[in-house]
Amino acid sequence: MSIVRSELTEWKALEAHRAEMDRVHLRALFAADPQRAEHFSLEAAGWLLDYSKNRITKTTLGRLFALARACDLEPARDAMFGGEHINATEDRAVLHTALRNRSDAPVYTDGEDVMPEVRAVLEQVFDFAERVRSGSWKGHTGKPVRAVVNLGIGGSDLGPCMACEALKAFSRRDISVRFVSNVDGTHFAEQVRDLDPEQTLFVVASKSFTTQETMTNAHSAREWLLASLPEQAVARHFVAVSTNAELVSRFGIDAERNMFRFWDWVGGRYSLCSAIGLPLVVAIGREGFEQLLDGFHAMDRHFAEASLERNLPVVMALLGVWYHSFLGAESFAVLPYDQYLHRLPAYLQQADMESNGKGADREGRPVPYTTGPVLWGEPGTNGQHAFYQLIHQGTRLIPCDFIGFCRSHNALGDHHAKLMANIFAQTEALAFGKTAEELRAESTPEPLVPFKCFEGNRPTNTLLADELNPYSLGALVAAYEHKIFCQGIVWNILSFDQWGVQLGKVLAGKILAELKAAASPDLAHDSSTNALIRRFRERRQG
């Protein structure tokens, strides 16, 4: 049994170092090192990471890298890429990196090279998507598809939805790609309200083909279609991303030709590069999707091969450990300064919080330190007029990732220069603040000085790429995936299961039967839940 992380000598060294850093301000760190930005930045796969505006010194980094090595981060990384069953509670390998393996190298798990099957499914996806894009795939009445509606939830929705929004500049505008995830009927009704059933294709994305929310929406979609078309139309208007051929066939989908499979070694939140990406392939085509895979693969290779000290995901991960485990930060903000990335924070919420929101370590012991932080964010400059007040002058420490691009796809006047001026200004203001002395020198009235002071010393990373495109998006998402993995290793938790979502599902199934029962059922919940069920049953008819 491994030693509890907080008992490691390297962990205790960081705890002692934290007291030293409490007295250090970023103003002093920059003043002491005119080349600090150069010393605390690195590049990988087209991305610059400037992490100079963090509450760290070379000593801090040295101790963080020592902790990572004490936690066997490098062997753990190799085990993941090597196909070992690192998802211990489900006895599975974790091989999402195989989905975007652009080399000729085999990838083994359980003695089998998974790459031939990965490539075969990818070709199946490319072929089908091209038929939809070209118009050769016809609906039941012979009309081409003009709308693709993805029915999924969690990883079967957030990834392709985020990427379709992010890469809209590269997408076909004559085919609408939409997403329905919520079991709330409003989501389905509003997404199909203006669609023509004869030109609509549904993608049912559910590994088991039993996911409650997805299958509820799928059956509603089936009813919606069959209100206008005959039963046999289902085969031309539905395809599935699943592994359950029997249920797919029973639904009316040709499982042999129109079911796209994936594997148990791919977690939902890591599945964008699998057949789950089918709607994205329809939107941006084969070439665009392959460029996305290239970006993922470039960051994968960087993560696998670079030393810890020059490894972009590792540095991001260890900075997070520093703030969340030693400096008391409870959350961090992801702030993309590009409207196309407006769904990125939501996507990363699942990737991070479902992975590392764990309270037991790998041996099943309660962890005596904080693990997964709360992740949140909005695109700039919207967030500046919403919550930046809290980040700048509030009482909480909130590390922030600022994400920006040197070029815009929509070069309207000086819009992009203004956007980027804000990202650079915000990181400067958060780092250095404004002192009472500076305010007084500007003749600020004394009663206002306490309210206009900015403490500064608020940590930020800046991630900068030339432009948002499929390659840069793939590399960015891979960087965050590997960051999450590294933090899981340091915290000694299992990042690739998600048992915490199961209990609510089980209870919901029991309560659903009670809500739908013809006669008033005997209820055995707590008094609050019983009262809420009774009130709903009494008033649901209006």
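Contact means heavy atoms within 4.5 Å. This is a predicted model, in which local features need pLDDT of at least 70, side-chain atom pairs count only at pLDDT 80 or more, and totals for chains, interfaces and linings use all residues. Residues are numbered from 1 along each chain as its sequence is written, and side-chain values use heavy atoms, with hydrogens and water left out. Helices (H or I, at least four residues) and strands (E, at least two) are DSSP runs numbered from the N terminus; two strands pair if DSSP finds at least two bridges between them. Axes are lines fitted to C-alpha atoms, for helices over the stretch in contact, with angles from 0 to 180 degrees between N-to-C directions.

**Parallel sheet**

- An open sheet of 5 strands follows the order S6-S5-S7-S8-S9, with parallel pairing.
- Strand S6 (176–180) and strand S9 (259–260) each have a single partner strand, so one side of each lacks a neighbour in the sheet.
- Between S7 (residues 200–205) and S8 (residues 238–241) there are 4 bridges in the parallel sense, and Val-204 stands opposite Ala-240 in S8.
- Helix H14 (residues 278–305) lies across strand S5 (147–151), S6, S7, S8 and S9, at about 160° to S6.
- Helix H9 (residues 185–192) lies across S6 and S7, at about 170° to S6.

**Mixed sheet**

- The order S1-S2-S13-S12-S10-S11 describes an open sheet of 6 strands with mixed pairing.
- Its edge strands are S1 (41–44) and S11 (374–376), each pairing on one side only.
- S12 (residues 400–405) and S13 (residues 460–465) run parallel and are joined by 6 bridges; Ile-403 has Leu-463 in S13 as its bridge partner.
- Helix H16 (residues 344–356) lies across strand S10 (331–336), S11 and S12, at about 165° to S11.
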